[in-house]
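Trainee: I have a chain open on my screen and would love to go through it with you. Could we take it step by step?
Mentor: Happy to; put it up and we will begin.

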Amino acid sequence: MKPYFYLLFLLSLSLAAQNKDAQKRLYYNPMEGDPAYAMGKYKLKLQGFAESFDTLVTKQNMVNFAKKNHILDTILKQNPRLAMPHYYLTHYKKNGENHWQNTMVYFIGNKIEGKDVLLIATISSVSEVPSEEIDIEMLQLVLDKKVPKQNYMGGRSFDFLGRKVPLMDECYWQGVNIVRCPTKGEMNWSLHPSLAEAKQSVTLQKEWGNMIPPRPNYAYSRISEQQKTLIFEGKATQVTEVIYNEHYQDPILKSYYQDNKLIVYYIATIVRGQAIACVISYWDYNERLPDTGLPEFVSQFIRLPKGA
């Protein structure tokens, strides 16, 4: 019996280590409205209702929810990997030949402080093919409120893999881990269980960059793509630089037009032992710091090699 119990002990240690590793990758941002979370390639929004699962989760209620939220699928499913009472609906959107937006809407019965509640978890991801896959561990960590305090986003500073980064006055949060600064650059990032998944994430983001529909009177084109070496978080890193051109033509005064270039760095690497996917961008007209040659917010993460 001793070897059996020893095996169980080792298994419990392994699961605890996996759980702790996943926690490090889980971000939370209160944003406006429903709490929002991100972990790896998944994003999750959570709504709570002070009603029991059996009271609110009926076929008609979920069909009505699907119609209201433009979800075509009204076939209720259950995930064998999720033990608590639940149903879920699926929704897929094809953005390109190998670029799909997946949305899973989970209706979950849970207890909070001994009271029955209904939780609606909307889990989204991007993949090369339609997928119903979700990260069960992420969902369980969110329901158990186990987001590390350092991964709470939304303030005027944030923790970037153990390094405190201040947010300039003009900067704002566009998503769980997306920061935009109109004149100083912008960045989004996500943490992944492997470098391969981080690379896939930036590949899909790069494909999305080629498909973003233009605003009225604007046209976008990709004018260059190349591999470059930048200093990212203090380490020489191979990145993909893509430069897009934004062309504006006045609809009335046809002779007036303007061109602006958007410089984007797609980065997938290991930082302080963690696989990260990161996309950093800025406009060619953004003011640049004399000592870095880059906008101020961008300069907090990357540097150009000497002589570049």
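**Helix H5 and the sheet**

Mentor: In helix H5, the buried residues are Glu-197, Ala-198, Ser-201, Val-202, Leu-204 and Lys-206. Keep in mind that this is a predicted model.

Trainee: What span does H5 reach from its first C-alpha to its last?
Mentor: H5 has 15 residues, and at 1.5 Å a residue 21 Å is expected. The helix comes close to that expectation, reaching 21 Å.

Trainee: Which strands does H5 lie across, and at about what angle does it run to S5?
Mentor: The strands it crosses are S4, S5 and S6. Relative to S5, the direction of H5 is at about 120°.

Trainee: In what order do the six strands of the open sheet come?
Mentor: General background helps here: strands of a sheet pair through backbone hydrogen bonds, either parallel or antiparallel. In this open sheet the pairing is antiparallel, and the order is S1-S2-S3-S6-S5-S4.

Trainee: Which strands stand at the edges?
Mentor: Look for strands with a single partner strand, since one side of each is then left without a neighbour in the sheet. Those are strand S1 (26-29) and S4.

Trainee: What does the twist average from one strand to the next?
Mentor: Going from one strand to the next, the twist averages 20°.

Trainee: Which residue in S3 stands opposite Tyr-37?
Mentor: Strand S2 (residues 36-39) pairs with strand S3 (residues 42-49) over four bridges, in the antiparallel sense. Opposite Tyr-37, in S3, you will find Leu-44.

Trainee: Helix H4 packs on the sheet too; about what angle does its direction make with that of S3?
Mentor: Helix H4 (residues 136-143) touches S1, S2, S3, S5 and S6. With the direction of S3, its own makes an angle of about 40°.

**Strand S5 and its neighbours**

Trainee: How many of the 14 residues of strand S5 are buried?
Mentor: Strand S5 covers residues 99-112 and is largely enclosed by the rest of the structure. That follows because the buried residues number 10 of the 14.

Trainee: How many bridges join S4 to S5?
Mentor: S4 (residues 86-96) and S5 run antiparallel, and they form a hairpin with two residues between them. Lys-94 stands opposite Trp-100 in S5. The number of bridges joining S4 to S5 is 10.

Trainee: On the other side, which residue in S6 does Trp-100 stand opposite?
Mentor: S5 pairs with strand S6 (residues 115-127) in the antiparallel sense, over 13 bridges. In that pairing, the residue opposite Trp-100 is Ser-127.

Trainee: What is the phi of Glu-113, in the turn between S5 and S6?
Mentor: S5 and S6 form a hairpin, with two residues between them. Glu-113 sits in that turn, and its phi is positive, at about 55°.

**Two residues up close**

Trainee: Is Asn-79 buried or exposed?
Mentor: Asn-79 lies in the loop between helix H3 (59-68) and S4. Leaving aside neighbours within four places in sequence, its contacts are His-86, Tyr-88, Tyr-106, Ile-134 and Ile-136. The cut-off for buried is under 20% relative accessible area. With 13% relative accessibility, Asn-79 therefore counts as buried.

Trainee: How far apart in space are His-91 and Met-104, C-alpha to C-alpha?
Mentor: His-91 lies in strand S4 and is partly exposed, with a relative accessible area of 23%. Beyond its neighbours within four places in sequence, it is in contact with several residues, including Gln-101, Asn-102, Thr-103 and Met-104. His-91 and Met-104 are 13 residues apart in sequence, and their C-alpha to C-alpha distance is 6.4 Å.

**Charged pairs**

Trainee: Which residue meets Arg-25 in a salt bridge?
Mentor: Arg-25 is buried, with a relative accessible area of 7%. Its partner is partly exposed at 33%. The side chains meet at 3.6 Å, N to O, and the partner is Asp-21.

Trainee: Which residue forms a salt bridge with Glu-225 at 3.2 Å?
Mentor: Glu-225 is partly exposed, at 37% relative accessibility. Arg-222 also forms a salt bridge with Glu-225, with the closest N and O atoms 2.8 Å apart. At 3.2 Å, the partner of Glu-225 is Lys-206.

Notes: Residues are numbered from 1 along each chain as its sequence is written. This is a predicted model: local features need pLDDT of at least 70, side-chain atom pairs count only at pLDDT 80 or more; totals for chains, interfaces and linings use all residues. Side-chain values use heavy atoms; hydrogens and water are left out. Buried means under 20% relative accessible area, exposed over 50%, partly exposed in between (1.4 Å probe, protein chains only). Two strands pair if DSSP finds at least two bridges between them. Contact means heavy atoms within 4.5 Å. A salt bridge is a side-chain nitrogen of Lys or Arg within 4 Å of a carboxyl oxygen of Asp or Glu. The expected span of a helix is 1.5 Å times one less than its number of residues. Axes are lines fitted to C-alpha atoms, for helices over the stretch in contact, and angles run from 0 to 180 degrees between N-to-C directions.
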